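Reader: I would like to go through this model term by term, and to hear for each label what entitles you to use it.

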Amino acid sequence: MGTAAVERHGVRDKLSTQIPKYPTASRLLWVFGYLGICLFAAVLPMKGSGSASPPTVLVAVGAAGEEDFGKEFGKWAELWAKSSDKAGAKHKVFGLGPTNETSDLDALKKVLADEPKDSSAELWLVLIGHGTFDGKEVKFNLRGPDLSATELAECLKPFRRTVAVINCASASSPFINKLSAPGRVIVTATRSGYEQNYARFGQFVAEAIADPAADLDKDEQTSLLEAFVMASRRVVEFYEAEGRLATEHALLDDNSDGLGTPADFFRGVRAVKKPAEGATVDGLRAHQLHLVRSERELKMAPEIRARRDELELAVARLRDSREKLGEDEYYRRLENLMTELAKLYSAQTGQR
């Protein structure tokens with residue numbers, strides 16, 4: 001998110017990484033110079049080829065209710081299929097074929113049960129359709145029995161791999177409360193279970209997930225955070241162009257606090273607002289998830305990518321706690337994290 005542009009960068013091992021004991025202004029200049037060198041090292045060609053397992057993308061298309069809605073939902077599902085093909089992902093769609101003895105709900109549960117629970121590959125679950133909320137339980141409307149947030153939480157409980165759930169339905173916000181957990185990114189089309197009108201967010205996020213125009217930090221790949229921000233922006237533009245009151249406001253949760261963050265907290269991929277009462281802003285993990293990865297990212301070994309992501313999150317957390325730390329302690333910890341990042345990139349690129 002906000003720090004990704006610098007945290008991914010490393011330097012060659014021969015470069016000195018000892019922070020000099022200069023006054024504050026000089027030390028800041030040193031750090032920015034150091035990170036600039038990291039930027040140079042980060043664009044060096046990667047050595048070898050990554051061998052990460054392809055992600056799994058499950059798209060559930062719900063009961064349309066009306067024919068026009070069904071046509072739109074089918075188009076959005078097709079966009080996800082094209083992006084999945086481009087990513088080399090394992091892709092499966094529910095709800096578009098003929099109904100049979102097995103309900104869409106049972107079919108989805110079975111596929112989730114059969115999915116590996118421990119894997120370096122992400123699991124993406126996309127829900128396209130309508131939702132309902134009665135003040136207690138929120139559901140995604142399928143043909144036949146509906147999928148409740150409580151049921152989905154039970155299905156996902158065994159997973160120890162990264163899971164992204166993109167619920168494009170109306171009334172979807174309470175899914176965040178049920179599904180929020182470490183290692184998960186949850187996106188909903190609404191900020192409340194009572195936003196129950198037809199939601200258009202699903203169209204715009206399906207278009208943005210592999211759209212180069214949504215690549216806000218220009219790293220040649222579109223993250224889930226970037227797709228969320230771009231889709232939310234296009235929702236706002238739609239309602240403004242129509243002269244209508246917006247009835248949907250998307251949220252993103254990836255820090256497991258179950259609160260969610262709206263897109264207007266971000267300028268580009270950097271959070272420029274802070275949530276109330278000391279809560280932590282979301283977006284850091286979502287900015288590390290890319291359905292369609294850049295050529296450079298594909299060449300990164302899975303174990304190095306995983307450690308890189310951990311270090312990026314550590315740098316972001318360190319920045320958030322800077323006011324509680326003394327200057328020397330802050331820079332000492334920053335130096336340690338950046339040095340390890342530099343070594344990761346140095347090992348991957350083969351530069352010594």
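**Labels and their grounds**

Author: The protein exposes about 16400 Å², of which carbon and sulfur atoms supply 52%; accessible areas come from the Shrake-Rupley method with a 1.4 Å probe, and for residues only the protein chains shown count as cover. This is a predicted model, in which local features need pLDDT of at least 70 and side-chain atom pairs count only at pLDDT 80 or more, while totals for chains, interfaces and linings use all residues. Residues are numbered from 1 along each chain as its sequence is written, and side-chain values use heavy atoms, with hydrogens and water left out.

Reader: Why is Ala171 called buried, and Glu220 exposed?

Author: Buried means under 20% relative accessible area, exposed over 50%, and partly exposed in between, with a 1.4 Å probe and protein chains only. Ala171 has a relative accessible area of 0% and is therefore buried, whereas Glu220, at 67%, is exposed. Both have a positive phi without being glycine: about 60° for Ala171, and near 70° for Glu220. Ala171 lies in the loop between β7 and α6 (174–179), and Glu220 in the loop between α7 and α8. Over the protein, buried residues make up 51% of the 352 residues.

Reader: What makes Arg308 and Glu297 a salt bridge?

Author: The term requires a side-chain nitrogen of Lys or Arg within 4 Å of a carboxyl oxygen of Asp or Glu. The closest N and O atoms of Arg308 and Glu297 are 2.6 Å apart, so the pair meets that limit. The pair links distant parts of the chain, with Arg308 in helix α10 (residues 302–320) and Glu297 in helix α9 (residues 295–298), 11 residues apart. Arg308 is buried, with a relative accessible area of 1%, and Glu297 also counts as buried, at 2%. Both belong to a network of salt bridges that links Arg285, Glu297, Arg305, Arg308, Asp309 and Glu312.

Reader: How do you know that Arg191 and Glu195 meet in a salt bridge, and is each residue buried or exposed?

Author: Their N to O distance is 3.7 Å, and this is therefore accepted under the definition already given. Arg191 is exposed, with a relative accessible area of 52%, whereas Glu195, at 11%, counts as buried. By this rule the count comes to 21 salt bridges.

Reader: What makes a set of residues a nonpolar core, and which residues have the most contacts inside the largest one?

Author: A nonpolar core is a set of buried Ala, Val, Leu, Ile, Met, Phe, Trp, Tyr and Cys residues joined through side-chain atoms within 4.5 Å. The largest has 46 residues, and those with the most contacts inside it are Trp80, Trp124, Ile166, Phe201, Leu224 and Phe228. Helix α8 (224–242) is among the elements that each supply at least two residues of this core, and α8 gives the most, with 9 residues. With contact meaning heavy atoms within 4.5 Å, Leu224 touches Trp124, Ala164, Ile166, Val185, Val187, Ile209, Ala286 and Leu289, not counting residues up to four places away in sequence.

Reader: Why are β4 and β6 called edge strands?

Author: Strands are DSSP runs of E of at least two residues, and helices are runs of H or I of at least four, numbered from the N terminus; two strands pair if DSSP finds at least two bridges between them. The open sheet has 3 strands in the order β4-β5-β6, with antiparallel pairing. Strands β4 (131–133) and β6 (147–148) each pair on one side only. Between β4 and β5 (residues 138–140) there are 3 bridges, so these two strands count as paired.
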